[in-house]
Amino acid sequence: MRKKKTAAAAVILISSVYTAGCGLWPEEKKEKIDPPQSVVYTDNLSGEEGQKTAQNKDMVMTELYLIDKNGYVVSQTMPLPNTKSLAKQAVEYLVAEGPVSNLIPNGFRAVLPAGTQVKSVDIKKGTATVDFSPEFKEYEKADEGRIVQALTWTLTQFDSVKRVKMQVNGQTLSEMPVGKMALAEDGTTRQAGINVDASGVVDLADTRAVTVYYMAQEGEGYYYVPVTKRVSNEEQDQITAIVKELAKGPRAGSGLVTEFLPEAELLEKPVMKEGRVTLNFNEAILGSFENKMVSEHILKSLALSLTEGTEVESLAIQVGGNSNITTEQGKPLSSSVTRPDVVNPVDL
């Protein structure tokens, strides 16, 4: 994401210190590809009126999961030609030295080996089967998990894709060719996680996965990085568990930062009603801002994290039971904070 620093930058410098502490279709028919949404924000989180995702109807904003300078798999959303094969095109743009070369942001690289050809992307009953040329096998072992994650998350941005299978010259892969990472027989899904961080977890059997969004810096801008963490099953409420992980922050040395102060916590159990959750925080959610202002980065991290794999559609934020809150631009916070339709848009 390319954006100028906001007043929140000071908080990042302060709060980053704390990170150290821590089937409807017949078998023979293919499903229709539903393109990504076309509005950046549905409320006033950006401090701007809604942005269009592309310059004209011939382009469509598409999420490409690339590898950043820290080795994380991260969505970068950019306008690609609006073709009839959006899924196949998205995978082709994951190939190094391919069509993404002139679009890729600073600090990022493509995930698939140069020369890899995407022979087909066949979508049936929610499963996308990608057939690659043999060059697909020419990747570094360290990138194996990243390739699986990038392919899975790039393709599952489309409503008609829930699972992803891989082939080389028509032969289905049961394991990755270099490091022999096992692949699920029925296809990989987002439930397997992304940028998995299980540090500090002793007993995986007594935990479950949640995905939260922290931030990383590139130049003067910040972008959002999904990280799948393990949380104790003792915390039964999923929303509370996610908020706690956001407040805990990324692990030390991760290269990630957060604007959440570790003292930020919910004063009561979240209330869910028809997809809308009400979160009542203590004043630590305000960070160092005065006049009850909540940082734009905190709002986006909350929205991205709480709508990832849950039934949450929107958020209402309170501080000490008070809903009279403003954004850092000084505008009243809308009653419903929703997930950005475009994550980490690339300025071209």
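Exposed means over 50% relative accessible area, and buried means under 20%, with partly exposed in between. The exercises below use a predicted model.

**Exercise 1. Classify two residues with positive phi.**
Find where glutamate 97 and lysine 180 lie, and decide how accessible each one is.

*Solution.*
- Step 1: Check the backbone. Glutamate 97 has a positive phi of about 60°. Lysine 180 has a positive phi near 65°. Neither residue is a glycine.
- Step 2: Set this against the general pattern. Most residues other than glycine have a negative phi.
- Step 3: Locate them. Glutamate 97 sits in the loop between helix 2 (86-92) and strand 3 (108-109). Lysine 180 sits in the loop between strand 7 (171-172) and strand 8 (207-218).
- Step 4: Apply the cut-offs. Glutamate 97 has a relative accessible area of 72%, so it is exposed. Lysine 180 has 47%, so it counts as partly exposed.

**Exercise 2. Describe helix 5.**
State how many residues of helix 5 are buried, and which residue caps its N-terminal end.

*Solution.*
- Step 1: Count. Helix 5 spans residues 296-306, and 11 of its 11 residues are buried.
- Step 2: Look at the residue types. The buried set includes Leu299, Leu302 and Leu306, but also Glu296, His297 and Lys300.
- Step 3: Find the cap. Serine 295 caps the N-terminal end. One of its side-chain oxygens lies 3.0 Å from the backbone nitrogen of histidine 297.

**Exercise 3. Trace the surroundings of threonine 211.**
Determine whether threonine 211 is buried or exposed, and name its side-chain polar partner.

*Solution.*
- Step 1: Place it. Threonine 211 belongs to strand 8.
- Step 2: Classify it. Its relative accessibility is 11%, so threonine 211 is buried.
- Step 3: Find the partner. The side chains of threonine 211 and threonine 228 make a polar contact of 2.8 Å.
- Step 4: Widen the view. Beyond four places in sequence, the contacts of threonine 211 include Trp153, Ile194, Ser305 and Glu308. Ser305 is also among the buried residues of helix 5.

**Exercise 4. Explore the largest nonpolar core.**
Give the number of residues in the largest nonpolar core, and list partners of phenylalanine 136.

*Solution.*
- Step 1: Recall the general trend. In soluble globular proteins, nonpolar side chains tend to be buried together.
- Step 2: Read the core. It has 90 residues. Those with the most contacts inside it are Leu112, Phe136, Leu279, Leu302 and Ile317.
- Step 3: Zoom in. Beyond four places in sequence, phenylalanine 136 touches Leu112, Ile147, Leu151, Met166 and Val168, among others.
- Step 4: Link back. Leu302 is also one of the buried residues of helix 5.

Technical notes:
Residues are numbered from 1 along each chain as its sequence is written. This is a predicted model: local features need pLDDT of at least 70, side-chain atom pairs count only at pLDDT 80 or more; totals for chains, interfaces and linings use all residues. Side-chain values use heavy atoms; hydrogens and water are left out. A nonpolar core is a set of buried Ala, Val, Leu, Ile, Met, Phe, Trp, Tyr and Cys residues joined through side-chain atoms within 4.5 Å. Buried means under 20% relative accessible area, exposed over 50%, partly exposed in between (1.4 Å probe, protein chains only). Contact means heavy atoms within 4.5 Å. Helices (H or I, at least four residues) and strands (E, at least two) are DSSP runs, numbered from the N terminus. A polar contact is a pair of N or O atoms within 3.5 Å; within protein, one must be able to donate a hydrogen and the other to accept it, and residues adjacent in sequence count only if both atoms are side-chain atoms.
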